Amino acid sequence: MFYFDHAATTPLDERVLNRMLPYFRENYGNPSSIHQFGQKAERALEDAREKVARVLHCQPAEIVFTSGGSEADNLAVRGAALARYKTSGERWILTAKTEHPAVAKTAEQLAQEYGFLLEWLDVDQHGAVKRETLRKAVCDATALTSVMYANNEIGTINPIADLAAIARANRVLFHTDAVQAAAYLDLDVTKLNVDLLSLGAHKFYGPKGVGALYVRAGVNLVPHQTGGGQENGQRAGTHNVPYIVGLAEALSLAFEERESRNAHVQPLRDQLIGSILEAIPEVQLTGHPTERLPNHASFVFKDVDGNLLLQLLDSAGFACSSGSACKTGNPEPSEALTALGYSRDWALGSLRITLGKDSAAEQVDSFLKTLPALVEKARSLNSKFI
Ligand SMILES: *Cc1c(COP(=O)(O)O)cnc(C)c1O
């Protein structure tokens with residue numbers, strides 16, 4: 001079985017696991033405790049915070065650990081919107097039509113339950129938010145703009161530094177969901193110029209269930225998890241020390257090995273895209289042709305049931321996805337593909353192939369030999385039911 005679904009999750013790096021293990025075993029202290037068990041755990045926690053801060057080029061105190069990418073997104077969007085409303089009465093939230101549900105549903109909840117006003121930013125045909133679109137939408141009453149760094153379904157990279165500059169010029173907070181981008185792109189928040197940035201460890205060979213949020217010094221958040229004073233009162237709850245240690249180690253490795261990992265996956269991705277567009281009729285690449293994650297190839301096939309194609313691929317030994325993992329089993333076309341303007345007969349036939357640092361050329365060759373016949377089979381089965 002070959003794993004081509006690294007956008008859904010990645011395997012835990014052995015080196016990361018080895019860093020984590022002592023904090024499950026002998027170093028089990030609570031970082032909030034005074035005694036030596038606690039001190040040891042606290043040291044590990046603060047080392048982890050420093051490691052993350054080094055990759056992000058920020059202060060350690062600007063990092064809040066969370067239970068994952070979704071929680072980081074929730075805390076950023078809800079926490080910042082509520083804080084801004086309280087201090088300056090701003091009620092507009094701007095976010096893109098292609099956002100991950102962790103951002104989109106949080107923004108919708110703010111509109112439905114808290115009286116915020118929501119504007120969905122249009123994307124271009126490649127799924128990117130244009131500078132002009134944000135420039136027109138942003139105004140004095142905007143509390144927060146949230147635009148993802150790179151899209152999980154179609155791989156498109158947004159021009160975050162430019163978009164953040166537009167927001168900041170209007171004194172509007174800017175959040176970016178960097179969960180999918182973190183494994184491959186520069187996370188220097190001084191260059192990106194963002195106020196808030198979300199990470200989730202399991203997308204870069206760390207453990208599931210742990211994430212981090214960068215919160216620029218001076219940006220206030222209303223916490224959504226209240227209790228003890230952990231994380232500067234921004235996120236209560238006893239720290240998950242082994243997982244936080246794992247996140248920091250995985251992020252450091254991703255940073256150190258970024259160039260070699262990218263150089264490994266990108267030619268394989270290009271081979272996938274080139275061969276599939278050439279060998280299979282009625283196929284389109286989704287997302288941006290060049291401004292896309294180096295491990296990410298995504299397509300739509302006309303008149304193909306995407307979930308059926310995934311099952312055929314699975315039986316043939318290839319683990320792929322049709323979009324975001326949360327969409328599997330859902331017969332509606334994804335919102336991202338709908339936002340790009342694909343009609344149903346195209347959008348239902350989506351396929352996402354996301355490579356990883358251990359994907360091998362032979363795996364890609366074998367995939368490319370198998371795929372055309374399976375698409376043909378899915379098409380012929382599809383036509384029988386129409
Ligand atoms: C995976 C993902 C999330 C959610 O992160 P979890 O750690 O799984 O909660 C959010 N945004 C994007 C873009 C993602 O790819």
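**Ligand shell, cavities and a few buried charges**

Let me begin with Glu231, which counts as buried because its relative accessibility is 7%, under the 20% limit. This residue sits in the loop between strand 8 (211-215) and helix 8 (241-256), and although Glu231 is not a glycine, its phi is positive, at about 50°. I should say at once that what we are looking at is a predicted model, so please take each value that follows as one computed from that model.

There is another glutamate with a backbone of this kind, namely Glu282, which is not a glycine and yet has a positive phi of about 50°. Glu282 belongs to the loop between helix 9 (258-279) and strand 9 (283-285). Is Glu282 buried or exposed, or does it fall in between? Its relative accessibility is 44%, and Glu282 therefore counts as partly exposed, whereas Glu231, at 7%, counts as buried.

Let me turn to the ligand. The residues around it are Gly68, Gly69, Ser70, Asp73, His100, Met148, Asn152, Asp177, Val179, Gln180, His202 and Lys203. If we ask which element gives the largest share of this shell, the answer is helix 3, residues 69-88, with 3 residues. Sorted by class, the shell is made up of 2 nonpolar, 7 polar and 3 charged residues.

Three of the polar approaches to the ligand deserve to be looked at one by one. On the nitrogen side, a polar side-chain atom of Asp177 is 2.6 Å from a nitrogen atom of the ligand. On the oxygen side, an N or O atom in the side chain of His202 lies 2.8 Å from an oxygen atom of the ligand, and a polar side-chain atom of Lys203 comes to 2.7 Å from an oxygen atom of the ligand. As for the cover that the protein provides, the ligand on its own has 380 Å² of accessible area, and the protein covers 87% of that.

Lys203 is worth a further moment. You will find it in the loop between strand 7 (196-200) and strand 8, and with a relative accessible area of 14% this lysine is buried. Its C-alpha is 13 Å from that of Glu153, a residue 50 positions away in sequence. Both of these residues come back when we look at the cavities, since Glu153 is among the residues closest to the centre of the largest one, and Lys203 is one of those lining the second largest.

How many cavities of 30 Å³ or more does the model contain? The count comes to 2. The largest holds about 50 Å³ of space, and of the 12 residues that line it, Glu153, Thr286, Ser322, Leu337 and Ser350 are the closest to its centre. The elements that give two or more residues to this lining are strand 10 (296-301) and strand 12 (350-354). By class, the lining of the largest cavity divides into 5 nonpolar, 5 polar and 2 charged residues.

The second largest cavity has a volume of about 30 Å³. It is lined by His6, Ala7, Thr10, Gln180, Ala183, Tyr184, Lys203, Tyr205 and Asn295, and these residues divide into 4 nonpolar, 4 polar and 1 charged. For anyone comparing the two lists on the screen, Gln180 and Lys203 appear in this lining and also among the residues around the ligand.

Now to a pair of charged side chains at helix 3. Arg84 lies in that helix, while Glu90 is placed in the loop between helix 3 and strand 3 (92-96). A polar contact of 2.8 Å joins the side chains of Glu90 and Arg84. Both residues are buried, Glu90 with a relative accessible area of 11% and Arg84 with one of 18%. Arg84 also has a partner distant in sequence, Asn220, which is 136 residues away along the chain and 7.8 Å away in space, C-alpha to C-alpha.

Finally, consider Cys58, in the loop between helix 2 (36-56) and strand 2 (63-66). At 11% relative accessibility, this cysteine counts as buried. Which residue, 156 positions away along the chain, has its C-alpha separated by 8.3 Å from that of Cys58? That residue is Tyr214.

Terms used:
Residues are numbered from 1 along each chain as its sequence is written. This is a predicted model: local features need pLDDT of at least 70, side-chain atom pairs count only at pLDDT 80 or more; totals for chains, interfaces and linings use all residues. Side-chain values use heavy atoms; hydrogens and water are left out. On a 1 Å grid over the protein atoms alone, a cavity is a set of points where a 1.4 Å probe fits but cannot get out, and a pocket is an open set with protein on both sides within 12 Å along at least five of seven lines; lining residues have an atom within 4 Å of a point. Grid points are joined across faces, edges and corners, and a volume is the space filled by probe spheres set on the points. Helices (H or I, at least four residues) and strands (E, at least two) are DSSP runs, numbered from the N terminus. Ala, Val, Leu, Ile, Met, Phe, Trp, Tyr, Cys and Pro count as nonpolar, Asp, Glu, Lys and Arg as charged, and the others, Gly among them, as polar. A residue is near a molecule or strand if one of its heavy atoms lies within 4 Å of it. A polar contact is a pair of N or O atoms within 3.5 Å; within protein, one must be able to donate a hydrogen and the other to accept it, and residues adjacent in sequence count only if both atoms are side-chain atoms. Accessible areas come from the Shrake-Rupley method with a 1.4 Å probe; for residues, only the protein chains shown count as cover. Buried means under 20% relative accessible area, exposed over 50%, partly exposed in between (1.4 Å probe, protein chains only).
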